[in-house]
Amino acid sequence: MQLKNNDNGKEQNNNIGFNNVNYGGMTDINDDNRFKSVFENFFKQISELNSLTTFGPFTSLINDPNTNIKTLTEHGNLLIKYQSFLNLYLSRMVNAYFLALNKVSSLIDEKKPEDIRKIIINTFEDVYSAMLESSEFSISYNNLLNSIIDINKSYQKFFDSNQIAFRQQISKEEKDLLFYNLYEIKKLSMEIKKKLNEKKDE
Amino acid sequence: MNELLYNSLANEYLTFVKDSKNIDKIKEIRKLLSTIENIKTGLTEYEVVKETGLFRLLHYKPIREQTYKYPLLIVYALINKSYIFDLQQDKSWISKLLEQGINIYLLDWKSPSKSDKYTSIDDYVNLFIYDCIELIKDIENTDQVSLQGYCMGATMSLMYTSLYQKNIKNLITIAPVVDSEKDTTVIKNMAQHMDIDKVLSYYDNFPYELLYTLYASLKPFKQGVNKYLTLFNNLEDKSFVQNFLRIEKWLYDTPPIAGETFRQWIKDIYQKNLFAKNNMIVGENKINLSKIKVPLLNIVADADHLVSPKCSIALNDLVSSTDKSLMNFPTGHVGLIASGYSQKNVLPRVGKWMLTH
């Protein structure tokens, strides 16, 4: 796994995915091929079963397993990406914590408890504020936020495409279209009112 | 951790837990914070002149004869709630201006619902603020109003003024977000690298949970931790506790921000600085600050950690007003409008400026 900078200076995680995961030499190529061929056969048979219209409702329950496996693989990749961004974020927080602690240790001497408390608060404030004001932290935080959003969207996509119960519900795209139409109607009525007022003023 | 620090912290902890009064105080603080919803704010009497899904226009009941000819409209920010202007009697921005004989209206933004996600800055400026000013002009039978905006509300007031100048007698901006290239705050830093399109591809509006994470990054120890230590030490002072709880309630009373509005805010203001460069498009118009010629009072807090003073001060060089003033005060973003300091030092000068403009 490798972290690289893209054109915008954002840290991006490349080459991550189940295909690149090393299983510690526990599997060899023959095992992989056998495993692959068993699954390919299984999916082939399922696909053939799916084409039998007489199966009725059963078809919709096992609809397109290849798509599901692909979605889950993509989801796994997102989780790996999230973990690496979370590690970076946490390491920045932990580093700041130890840096502040070292600074406090060098400042306290034989001081009164109230003074020590003040030194702790001021030192931690300085160290953490410097971190929070740095562009490295901002990039790291926003990468983490983006990866959480990607995971949530992936869950949404999986449920939207698989569960019969969820299919009964309105999708995000359909909901957005409704909201947009509603917004347009409200805006139009306010604009008509505004134009009428302007005419009245003339 | 060195031995001296370890011993000091261990001693403090042991001394603290040995005294049962300290444990009682902790319990008391937990109880107070859990009932914070019941704390009363906004006690000055008002009438709701208009209410829609996204705003209320409030008119405050005068408490003395009107000394200033023009009605004042205060435009609040889209962050947290407008009752910060009327937190408690002795720290109320509204009350202090009413005492000076000013006729006050307040634009109180309501929390956007999911179906309001497409509401844009264009709507806030060209429909909502516009609508309120037209209504006030009708009610008060006047051609102009005095406009006052706070934080994001000040920025939107500037947009409105640049488009509908004839309606504005004078403009007061309090900690406006103007030139974001001069903003060195944590908020600007976080906004700079935010992929707002991605955030809004999942969330309908910008969620309050993410706004909290931004606030939690602002002075995390001096304010985040220290304020609870101060509360602990002043728990027997009823007035202090009530003040603390009111501010605390306001701090956590955060509505989401309409998706499209926040998208443009982050991209055009924080990331591209289009507002200060006179290149920001709102509706069908480009906002040009140099078009503003009305008398301007720009109020800035020297210790503002939400909007850098330099980011706000830049405004005075961008407008064309010949009558423009800058007042800066040694306080913070909230202290500027809701503090004893503000009552004594800021508001008398604001009232005086209004009466002469």
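In this predicted model, buried residues make up 11% of the 202 residues of chain A. Chain A contains 7 helices and 2 strands, and its elements follow the order β-β-α-α-α-α-α-α-α from the N terminus. Of the contacts in chain A with a separation of 6 or more, 61% are between residues 24 or more positions apart.

**Chain B as a whole**

Chain B has 14 helices and 10 strands, and 43% of its 357 residues count as buried. Its C-alpha atoms fill a box of roughly 70 × 50 × 40 Å along the principal axes. The radius of gyration of chain B is 22 Å, which agrees with the value near 21 Å for a compact globule of 357 residues. Within chain B, residues at least 24 apart in sequence provide 79% of the contacts between residues at least 6 apart. The table sets out the corresponding values for the two chains.

| Chain | Buried residues | Contacts between residues at least 24 apart, among those at least 6 apart |
|---|---|---|
| Chain A | 11% of 202 residues | 61% |
| Chain B | 43% of 357 residues | 79% |

**The contact between the chains**

On the side of chain B that touches chain A, 32 residues of chain B are in contact with 29 residues of chain A. The elements of chain B that give two or more residues to this side are helix 1 (3-18), helix 4 (121-140), helix 6 (186-192) and helix 7 (196-202). By residue class, this side of chain B divides into 14 nonpolar, 9 polar and 9 charged residues.

**An enclosed strand**

Strand 9 (residues 296-301) of chain B is largely enclosed by the rest of the structure, because 6 of its 6 residues are buried. In a regular strand, side chains alternate between the two faces of the sheet. For strand 9 of chain B, both faces are covered: Leu296(B), Asn298(B) and Val300(B) are buried on one side, and Leu297(B), Ile299(B) and Ala301(B) are buried on the other.

Strand 9 of chain B has parallel pairings with two strands, described in turn here. With strand 6 (residues 168-174) of chain B, the pairing has 4 bridges, and Ile172(B) has Leu297(B) in strand 9 as its bridge partner. With strand 10 (residues 324-329) of chain B, there are 6 bridges, and Asn328(B) in strand 10 stands opposite Val300(B).

**The nonpolar core**

The largest nonpolar core has 108 residues. The residues with the most contacts inside this core are Leu73(B), Ile74(B), Ile104(B), Leu107(B), Ile129(B), Ala175(B) and Ile337(B). Helix 4 of chain B gives the most to the core, with 9 residues; helix 4 is also one of the elements that contribute to the side touching chain A. Beyond its neighbours within four places in sequence, Ile74(B) is in contact with Phe85(B), Ile104(B), Leu106(B), Leu107(B) and Gln148(B).

**Exposed parts of chain B**

Helix 2 (residues 20-34) of chain B is hardly covered, as 0 of its 15 residues are buried. At 1.5 Å a residue, helix 2 should span 21 Å, and its end C-alpha atoms are 21 Å apart, which agrees.

Val17(B) lies in helix 1 of chain B. This residue counts as exposed because it has 10 C-beta neighbours inside 10 Å, where the cut-off for exposure is 12 or fewer. Val17(B) is 273 residues from Ser290(B) in sequence, and their C-alpha atoms are 62 Å apart.

Terms used
Residues numbered from 1 in each chain as written. Chains lettered and ligands numbered in written order. Predicted model: local features only at pLDDT ≥ 70, side-chain atom pairs only at ≥ 80, totals over all residues. Rg over C-alpha atoms; globule rule 2.2 N^0.38 Å. Buried ≥ 20, exposed ≤ 12 C-beta atoms within 10 Å, placed from the backbone. Contact = placed C-beta atoms within 7 Å. Nonpolar A, V, L, I, M, F, W, Y, C, P; charged D, E, K, R; others polar. Pairing = 2+ DSSP bridges. Core = buried A, V, L, I, M, F, W, Y, C linked by C-beta atoms within 7 Å. Expected span 1.5 Å × (residues − 1).
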